[in-house]
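Reader: I am new to this structure. Can we walk through it in short questions and answers?

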Amino acid sequence: MQENERERQGDLLPDGQEKEEMVDLDSYAGEPAQSSAEQQKVKKSKKRLIASIVIGLFSVLFIAAGSMVLYANSLLSGYHYVPDEPESSSSENSQSTNEESGESSQIVQGEAYKKDGLYHDDQVLNILLLGVDDYQPNDVGRSDSMMLISLDKRHQAIKVTSFMRDMYLSIPGYANNRINVAYSLGGAPLLVKTIEKNFGVDIDKYVIIDFAAFPKIIEALGGIEVTLSAGEADEINRKSGEDPALAVTAGTQKLTSKQARYYARIRMQEYTDPETGKVYYSDYGRTKRQRHVIDLVIQNLKGSDVNTLLGVANQVVPYIISNMSPDEILQVVYDAPAYLGYEMKELQIPDNQYHYGETVIIGGYKASVLIPDLEKNSQLLAHFIYEDSFEETAELPADYTAEDPLVQKK
């Protein structure tokens with residue numbers, strides 16, 4: 001049991017840390033601090049969902065179903081639909097309440113407004129995508145990958161916000177803890193509430209994708225071509241678990257699902273951006289590899305025929321759990337051609353400028369966490385998602401020194 005708990009922690013670092021190896025302590029109470037040798041063993045191997053790949057998996061469903069709408073209902077019957085529990089205190093989406101007068105007024109469809117104190121825009125669909133690895137029967141698992149996908153019709157953009165799993169936040173109904181613990185305690189609904197409470201943005205739906213779906217999409221596409229350095233090739237050969245007969249070398253190589261999965265996890269080798277030539281290290285390099293993989297996957301999907309797309313979707317759908325109804329997913333399917341033409345923009349929360357590392361006590365044990373400046377990160381996130389939909393979200397925090405994420409290219 002202890003071994004399984006340790007293996008869940010992975011090896012995520014804050015973006016921007018260079019050439020420095022850091023081993024996280026346990027993400028949840030009940031695991032004592034380990035020796036350096038034990039920590040190295042912990043980091044060596046555990047299959048983990050690659051964060052950015054969930055976008056590709058979700059896109060497979062949209063593209064495939066959109067290619068053959070008559071087939072969509074049959075296709076969608078394979079996923080696990082979990083309806084939201086009714087909340088007696090919640091109001092209809094079509095109304096807002098004037099807190100001072102107590103009067104109710106109609107909301108015009110398509111308008112941006114505050115919903116239960118949270119930023120909401122009818123032209124922006126916020127979907128929380130969770131990559132989860134289940135380790136034991138009846139174990140809900142841990143949300144090792146947390147990405148908010150904002151499908152923004154108003155500004156014609158797909159906005160991807162990654163939440164770092166070591167953020168130390170207030171979890172509704174529980175003591176402060178790392179953000180990914182919220183999923184362990186109350187599944188996706190509690191994680192949604194945790195993000196909403198701390199950052200003030202309305203999350204419309206969630207989609208959970210199990211780790212096992214990733215190899216399926218790579219296999220169905222026949223692998224992906226990636227240009228490798230000698231160091232990257234060596235790591236893949238030693239650690240991916242692929243047959244030695246399929247060993248890769250430096251240069252452009254077609255990677256199998258096992259090799260692609262490990263490639264996106266590498267952080268101890270430099271990563272050179274193929275477009276800019278800029279070199280990245282440590283976890284920042286790993287996240288750049290992940291984004292590169294998702295770019296390759298989406299390009300392959302766009303170039304695939306209908307039969308290939310439907311085959312991939314059939315493989316992926318059984319690994320999806322969501323509170324999106326079939327009708328809601330079909331609506332996204334119908335809009336998918338437009339979405340696929342949007343530019344993708346990226347953000348990391350907490351931002352490098354607005355957090356610091358700290359060691360805290362969780363359940364009597366030391367834990368390394370990231371302490372975010374909630375006010376500044378909330379302002380940055382709202383600006384990224386809603387832009388000028390609200391007067392107060394039109395501008396970045398006054399002291400923000402990095403480039404506006406809305407003008408960055410992926």
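Reader: What share of the contacts with a separation of 6 or more comes from residues 24 or more positions apart?
Author: The model is a predicted one. Take the contacts in the protein with a separation of 6 or more. Residues 24 or more positions apart account for 67%.

Reader: How many helices and strands does the protein have?
Author: Both kinds of element are present in this predicted model. The count is 12 helices and 19 strands.

Reader: What percentage of the residues counts as buried?
Author: The protein has 410 residues. Buried means under 20% relative accessible area. By that cut-off, the buried part is 53%.

Reader: Which helix gives the largest share of the largest nonpolar core?
Author: In soluble globular proteins, nonpolar side chains tend to be buried together. The largest nonpolar core here has 49 residues. I217, L228, I236, L255, Y263 and V297 have the most contacts inside that core. Its largest share is 6 residues, and they come from helix α9.

Reader: Which residues does L228 touch, leaving out those up to four places away in sequence?
Author: L228 is among the core residues with the most contacts inside the core. With sequence neighbours up to four places away left out, L228 touches A233, I236, V248, T249, A250, G251, Q253, L255 and Y263.

Reader: How many residues are in the second, separate core?
Author: This core includes L169, L191, L347 and Y400. Its size is 38 residues.

Reader: How far apart in sequence are Y119 and F390?
Author: A search of the whole structure finds 6 aromatic pairs. Y119 and F390 form one that is edge-to-face, at 4.8 Å centre to centre with 65 degrees between the planes. Y119 sits in strand β5, while F390 sits in the segment after α12. The pair links distant parts of the chain, 271 residues apart.

Reader: Why is the pair of Y386 and F390 edge-to-face?
Author: Ring centres within 6.5 Å make a pair, and planes over 60 degrees apart count as edge-to-face. Y386 and F390 have ring centres 5.7 Å apart. Their planes stand at 90 degrees, so the pair is edge-to-face.

Reader: Are Y119, Y386 and F390 buried or exposed?
Author: Ring pairs link Y119, Y386 and F390 into a cluster. Y119 and F390 are both buried. Y386 and F390 are likewise both buried.

Reader: Which residue lies over the face of Y119?
Author: Y119 belongs to the ring cluster with Y386 and F390. At 4.5 Å from the ring centre of Y119, over its face, lies K114.

Terms used. Residues are numbered from 1 along each chain as its sequence is written. This is a predicted model: local features need pLDDT of at least 70, side-chain atom pairs count only at pLDDT 80 or more; totals for chains, interfaces and linings use all residues. Side-chain values use heavy atoms; hydrogens and water are left out. Rings of Phe, Tyr and Trp (its six-membered ring) pair if their centres lie within 6.5 Å; planes under 30 degrees apart count as stacked, over 60 as edge-to-face and the rest as tilted. Helices (H or I, at least four residues) and strands (E, at least two) are DSSP runs, numbered from the N terminus. Buried means under 20% relative accessible area, exposed over 50%, partly exposed in between (1.4 Å probe, protein chains only). A charge sits over a ring if NZ of Lys or CZ of Arg is within 6 Å of the ring centre and within 35 degrees of the ring normal. A nonpolar core is a set of buried Ala, Val, Leu, Ile, Met, Phe, Trp, Tyr and Cys residues joined through side-chain atoms within 4.5 Å. Contact means heavy atoms within 4.5 Å.
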